[in-house]
Amino acid sequence: MKRVLPIVFRAAYTVLISGCLAFLALHFAQRTTWYKKYLYKQLLAGNEDQQLRAASTLVLLGGQTQLLEAIRAEQPGPRAVAKKALEYLWFNSSGPEAYRLTQAAFEASEDRQFEKALGLLNTLVARFPNFAEGWNQRASVFWQMGEYEKSIEASRHALELNPDHYGAWQGMGVCRIKLGDIREACRCLRAALKILPHDEPTRNALKNCEELLRRTTPSDRPAAAESQVI
């Protein structure tokens, strides 16, 4: 019996170590670019449940690159799932307290309590200065208050932190329209469409801005200058 026990323990130890190594291998493999690409393919080609699981896992793994690729896809279903997942990732990128303040500010702005919303967002960006969505929400409140220059400035902060934030580009474009700067509005809307190319409201807004720009531009100005893409 004394000889058997060490053998049993050695076998159990070997199984335990093998299991731990397998778990660690799987754990690190799931964080590789290869695995994120696999999830991206599932998001595009899988059924509805597979798409949701793939998008959720990409959120957990910080797969912003893959989600940004998916919102440019031709298929509307995967695009919609990816867009929701991407926005969830952005809203939760600085942790639960930042999310709580963002949600409270959003609810206040929905009730048109703009000063309350702005107070919450001032606290938010002071405590989490690298939280792009906090600056974007601040821009949104300033826009609703008619403070277009302040909204643009807040959007710029958001884009410095997250250049792919199409919402910030859209917001800046709308503010530029309000200020009568149609050329700059076109630039911002084109930037938004590069990230979110199938968004019809943005496409229509750009079309209207470009038409207005053509009508107000001197005829001797080269047309190519008006269609320049960022």
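Ala 192 sits buried, at 1% relative accessibility, and helix α11 is where to find this residue. The model is a predicted one, with 13 helices and zero strands in its chain. Two pockets and two nonpolar cores get most of the attention below, along with a handful of single residues.

**The chain overall**

- Reading along the sequence gives α-α-α-α-α-α-α-α-α-α-α-α-α, with no strand anywhere, since the count of strands is zero.
- The chain has 230 residues, and 37% of them are buried.
- Take the contacts between residues at least 6 apart in sequence: 54% of these link residues at least 24 apart.
- The accessible surface adds up to about 13,700 Å², and carbon and sulfur atoms account for 57% of that area.

**Ala 192 and its surroundings**

- Which residues does Ala 192 touch, once those up to four places away in sequence are set aside? The list is Tyr 166, Trp 169, Gln 170 and Thr 202.
- Tyr 166 and Ala 192 are 26 residues apart in sequence, yet their C-alpha atoms are 4.7 Å apart.
- Ala 192 counts as buried because its relative accessibility is 1%, and the cut-off for buried is under 20%.
- Trp 169 has its own set of partners, again not counting residues up to four places away: Leu 159, Pro 163, Arg 187, Cys 188, Ala 191, Ala 192 and Ile 195.

**The nonpolar cores**

- The largest nonpolar core holds 36 residues. Leu 43, Leu 67, Ile 71, Leu 86, Tyr 166 and Trp 169 have the most contacts inside this core.
- Plenty of helices feed into this core: α2 (33-45), α3, α4 (64-70), α5, α8, α9, α10 and α11 (182-195) each give two or more residues.
- Which element gives the most to this core? That would be α5, with six residues.
- Apart from this core lies another one, made of 13 residues, including Ala 98, Leu 101, Ala 117 and Phe 142.

**The largest pocket**

- The largest pocket encloses about 410 Å³ of space.
- Its lining runs to 22 residues, and the ones nearest the centre are Ser 140, Trp 143, Gly 167, Gln 170 and Gly 171.
- Five elements appear as givers of two or more lining residues here: α6 (96-110), α8 (132-144), α9 (148-161), α10 (166-178) and α12 (200-216).
- The largest share of this lining comes from α8, which supplies seven residues.
- By class, the lining of the largest pocket splits into 10 nonpolar, 11 polar and one charged residues.
- Gln 170, one of the residues nearest the centre of the largest pocket, is also a contact of Ala 192.

**The second largest pocket**

- This pocket has a volume of about 160 Å³.
- Leu 52, Ala 55, Ser 56, Val 59, Val 81, Lys 84, Ala 85 and Tyr 88 form the lining of the second largest pocket.
- Helices α3 (48-60) and α5 (76-91) each put at least two residues into the lining of the second largest pocket.
- Six nonpolar, one polar and one charged residues make up the lining of the second largest pocket.

**Ser 151**

- Ser 151 belongs to helix α9.
- Is Ser 151 buried or exposed? It is buried, with a relative accessible area of 2%.
- Beyond neighbours within four places in sequence, Ser 151 is in contact with Ala 139, Phe 142, Trp 143 and Cys 175.
- Two of those partners turn up elsewhere: Phe 142 is in the 13-residue core, and Trp 143 is among the residues nearest the centre of the largest pocket.

**Two loop residues**

- Arg 112 is found in the loop between α6 and α7 (114-127).
- The phi of Arg 112 is positive, at about 60°, although this residue is not a glycine.
- Arg 112 counts as exposed because its relative accessibility is 59%, with the cut-off for exposed set at over 50%.
- Where does Gln 75 lie? Its place is the loop between α4 and α5.
- At 34% relative accessibility, Gln 75 is partly exposed.
- Gln 75 and Ala 45 are 30 residues apart along the chain, with 9.4 Å between their C-alpha atoms.

Technical notes: Residues numbered from 1 in each chain as written. Predicted model: local features only at pLDDT ≥ 70, side-chain atom pairs only at ≥ 80, totals over all residues. Heavy atoms only, no water. Helix = DSSP H or I, 4+ residues; strand = E, 2+ residues; numbered from the N terminus. Buried < 20%, exposed > 50% of the residue type's maximum accessible area, 1.4 Å probe, protein only. Contact = heavy atoms within 4.5 Å. Areas by Shrake-Rupley, 256 points an atom, 1.4 Å probe, with all protein chains shown as cover. 1 Å grid on protein atoms, 1.4 Å probe; cavity = no way out; pocket = protein on both sides within 12 Å on 5 of 7 lines; lining within 4 Å. Points joined across faces, edges and corners; volume = space filled by probe spheres on them. Nonpolar A, V, L, I, M, F, W, Y, C, P; charged D, E, K, R; others polar. Core = buried A, V, L, I, M, F, W, Y, C linked by side-chain atoms within 4.5 Å.
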